[in-house]
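Subject: Structure for your files

Dear colleague,

Here is the structure I said I would pass on. My notes come after it.

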Amino acid sequence: MVKCINKVTGALIAIILLTSCGSVPLTGRKQMLLVSDSEVLSASLTQYDEYIKTAPKSTDKTKTAMVERVGKKIAAATETYLKQNGMSSEISNFSWEFNLIKSDEVNAFCMPGGKIVVYEGLLPLVSSDDELGVVLGHEVAHAVAKHSNERMSQELLAQYGASIVDVALSNQSAAVHSIGNTVFGLGAQLGVMLPYSRKHELEADYMGLVFMTMAGYDPNKAVTFWQKMSAASGNANVSDFMSTHPNDNKRISEIQRYLPEMVKYKNK
């Protein structure tokens, strides 16, 4: 009897995993997505709203305007890509917002739903709109690729194991919001999202290059930007922005490999 139950449970898990498989735009990589878009957005927006209420906004109007200007162009290009590739329905998942936060930390992040935060400490390494486009294209790519959903799904599977069947077939909210507290990790002070894997980072690099190119920015600036980030990685304020990122030489080499392909995305 126990063996039969285990077989049934295993079969249900297999069905859930098979029916919860998605594909990343641009790369086509298959990914496990156990959490609905609405649940991810609910969990992330709860965290984000709590964080942004207390986060000290930058008083530098010029730099704030720069973040908003580049962010809006990247967002528009991203939506254009989704429309051109039969994914218009995905646009409803985004409500873009761009904030510059007063902090010396060298960091930036994009929450699901398109809530983007850049810290002032990153801007000394950004000498142009093109280089800021590298940062924002990369962060937006994480959201478009649903990396947070994938990471939450992995956490759910790790924590609940066979019980994922019960979670999947019932109300996920409690479990998802609990996992979200770990994945997003936006506390009362400075927000630091749980670092993405190196696989996700390289994927976001590639997708970000496409989005910034479509927005009219020079993708070649990605090389100089990451070279500067590499040089700054010894700075204590760099925090998690570099901690799990790919080896600097590997990252730059991969970006250089992607660059010839970007020609086809110009003027899209």
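Below is what was found, starting with the pocket and going on to the aromatic rings.

Please keep in mind that this is a predicted model.

The largest pocket has a volume of about 270 Å³. It is lined by 23 residues, of which Asp37, Glu90, Ala143, Val144 and Lys146 come closest to the centre. At least two lining residues come from each of strand E1 (21–23) and helices H2 (37–54), H4 (129–144) and H5 (147–160). Sorted by class, the lining has 11 nonpolar, nine polar and three charged residues.

Helix H4 has 16 residues, which at 1.5 Å each should span 22 Å; the end C-alpha atoms lie 21 Å apart, so the two values agree. Because 14 of those 16 residues are buried, H4 is largely enclosed by the rest of the structure. Lys146, just after H4, has a positive phi of about 55°.

There are six aromatic pairs in the structure. One of them joins Tyr81 and Phe211 edge-to-face, with 6.0 Å between the centres and 65° between the planes. This pair connects distant parts of the chain, as Tyr81 belongs to helix H3 (residues 61–84) and Phe211 to helix H8 (residues 198–214), 130 residues apart. Tyr81 is buried at 8% relative accessible area, and Phe211 is buried at 0%. Elsewhere, ring pairs link Tyr51, Phe109 and Tyr119 into a cluster.

Two charged side chains also sit over rings: the charged end of Lys73 over Tyr217, 4.8 Å from the ring centre, and that of Arg251 over Trp226, 3.8 Å from the ring centre.

Regards

Definitions and conventions. Residues numbered from 1 in each chain as written. Predicted model: local features only at pLDDT ≥ 70, side-chain atom pairs only at ≥ 80, totals over all residues. Heavy atoms only, no water. 1 Å grid on protein atoms, 1.4 Å probe; cavity = no way out; pocket = protein on both sides within 12 Å on 5 of 7 lines; lining within 4 Å. Points joined across faces, edges and corners; volume = space filled by probe spheres on them. Helix = DSSP H or I, 4+ residues; strand = E, 2+ residues; numbered from the N terminus. Nonpolar A, V, L, I, M, F, W, Y, C, P; charged D, E, K, R; others polar. Expected span 1.5 Å × (residues − 1). Buried < 20%, exposed > 50% of the residue type's maximum accessible area, 1.4 Å probe, protein only. Phe/Tyr/Trp six-rings, centres within 6.5 Å; stacked < 30°, edge-to-face > 60°. Lys NZ or Arg CZ within 6 Å of the ring centre and 35° of its normal.
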